[in-house]
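Thanks for coming. I have one structure to go through today, and I will keep to the geometry. Please have a look at it first.

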Amino acid sequence: MPTPTDYERMLRGVALRVTRPRVAVLAAVYDHPHADTDSIIGAVREDLGDVSHQAVYDVLKALTVAGLLRRIQPLGSVARYESRVGDNHHHAVCRSCGAIADVDCAVGHAPCLTAADDHGFTIDEAEVIYWGTCSSCTAAQSS
Ligand SMILES: [Zn+2]
Ligand SMILES: [Zn+2]
């Protein structure tokens, strides 16, 4: 896990001023991959006390635009955030409980899928969601 100093270095690396809410939001997302905004707000409040929803939304947006966080939103889910950025990884999502797991890029480098017809686009990312049933839901169904 990164230390507070690491978070400060990441913020400076993308030319963002170091503020306590920014550090707290980064730490919350590193601690809870694929967390939704409400869980991130909960984690940030444990750390900083009272912080407004709007402040957390604003920080999430700034960190996502700066490339420190990635925002994903599987169909039917609220937005979720993760700190694993820039590696073109994919997600497996459980249709039953909404659990999300990381799946590495299919051939190890982006984009890992070759479009049958790229229509002349220079493609640099393939966003894939593998839909299915997670192991705990499968176990619950078969028992
Ligand atoms: Zn499930
Ligand atoms: Zn992920």
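What spacing do the donors of the zinc ion (ligand 1) follow along the chain? They follow C-x2-C-x36-C-x2-C. Before I go further, note that this is a predicted model.

The donor atoms at the zinc ion (ligand 1) are the SG atoms of Cys94, Cys97, Cys134 and Cys137, and they sit at 2.2 to 2.3 Å. The angles among these four donor atoms run from 106 to 112 degrees, and the site is tetrahedral. As for where the donors sit in the fold, Cys97 is in the loop between β4 (90-94) and β5 (100-103), while Cys134 is in the loop between β6 (129-132) and α5 (135-142), so this pair ties together parts that are 37 residues apart in sequence.

Now the other zinc ion, ligand 2. Its protein donors are His34 (NE2), Glu82 (OE), His89 (NE2), His91 (NE2) and Asp102 (OD), at 1.8 to 2.3 Å from the ion. Written as a spacing, the donor residues of the zinc ion (ligand 2) read H-x47-E-x6-H-x1-H-x10-D. Here His89 belongs to the loop between β3 (80-82) and β4, and Asp102 to strand β5, so the pair ties together parts that are 13 residues apart in sequence.

Next, the overall layout. The chain has five helices and six strands. Read from the N terminus, the order of elements is α-α-β-α-α-β-β-β-β-β-α. The C-alpha trace spans about 50 × 45 × 25 Å along its principal axes.

That leaves the helix packing, which I will take in chain order.

Start with helix α1 (residues 4-13) and α2. Their axes come within 10 Å and cross at roughly 110 degrees, which makes α1 roughly perpendicular to α2. The crossing of α1 past α2 is right-handed. On the α1 side the contact uses Tyr7, Glu8, Met10 and Leu11, and these meet Arg22, Val23, Leu26, Ala27 and Tyr30 in α2. By class, that contact has seven nonpolar residues, no polar ones and two charged.

Then helix α2 (residues 20-31) against helix α3 (residues 37-48). The axes come within 9 Å, with a crossing angle of roughly 125 degrees. α2 and α3 are therefore oblique to each other. α2 passes α3 in a right-handed crossing. From α2, the contributing residues are Arg20, Pro21, Ala24, Val25, Ala28 and Val29; from α3, they are Ile40, Ala43, Val44, Asp47 and Leu48. The contact of α2 with α3 comprises nine nonpolar, no polar and two charged residues.

Last, α3 and helix α4 (residues 53-65). How far apart are their axes, and at what angle do they pack? The axes are 10 Å apart and the angle is about 110 degrees, which makes α3 roughly perpendicular to α4. α3 brings Thr37, Asp38, Ile40, Ile41, Val44 and Arg45 to this contact, and α4 brings His53, Val56, Tyr57 and Leu60. The split for α3 with α4 is six nonpolar, two polar and two charged.

One detail from the two lists: Ile40 and Val44 of α3 meet residues in α2 and also residues in α4.

That is what I have on the metal sites and the helices.

Terms used. Residues are numbered from 1 along each chain as its sequence is written. Chains are lettered from A and ligands numbered from 1 in the order in which they are written. This is a predicted model: local features need pLDDT of at least 70, side-chain atom pairs count only at pLDDT 80 or more; totals for chains, interfaces and linings use all residues. Side-chain values use heavy atoms; hydrogens and water are left out. Axes are lines fitted to C-alpha atoms, for helices over the stretch in contact, and angles run from 0 to 180 degrees between N-to-C directions. Helices (H or I, at least four residues) and strands (E, at least two) are DSSP runs, numbered from the N terminus. Angles under 35 degrees count as roughly parallel, over 145 as roughly antiparallel, 65 to 115 as roughly perpendicular and the rest as oblique. A crossing is left-handed if the near helix is turned anticlockwise from the far one by less than a right angle, and right-handed if clockwise. Contact means heavy atoms within 4.5 Å. Ala, Val, Leu, Ile, Met, Phe, Trp, Tyr, Cys and Pro count as nonpolar, Asp, Glu, Lys and Arg as charged, and the others, Gly among them, as polar. Donors are N, O and S atoms within 2.8 Å of the metal (3.2 Å for Na, K and Ca); water is not among the atoms, so sites may look incomplete. Four donors count as tetrahedral if all angles lie between 85 and 135 degrees; four count as square planar and six as octahedral if opposite donors are over 155 degrees apart and all others between 65 and 115; anything else is irregular.
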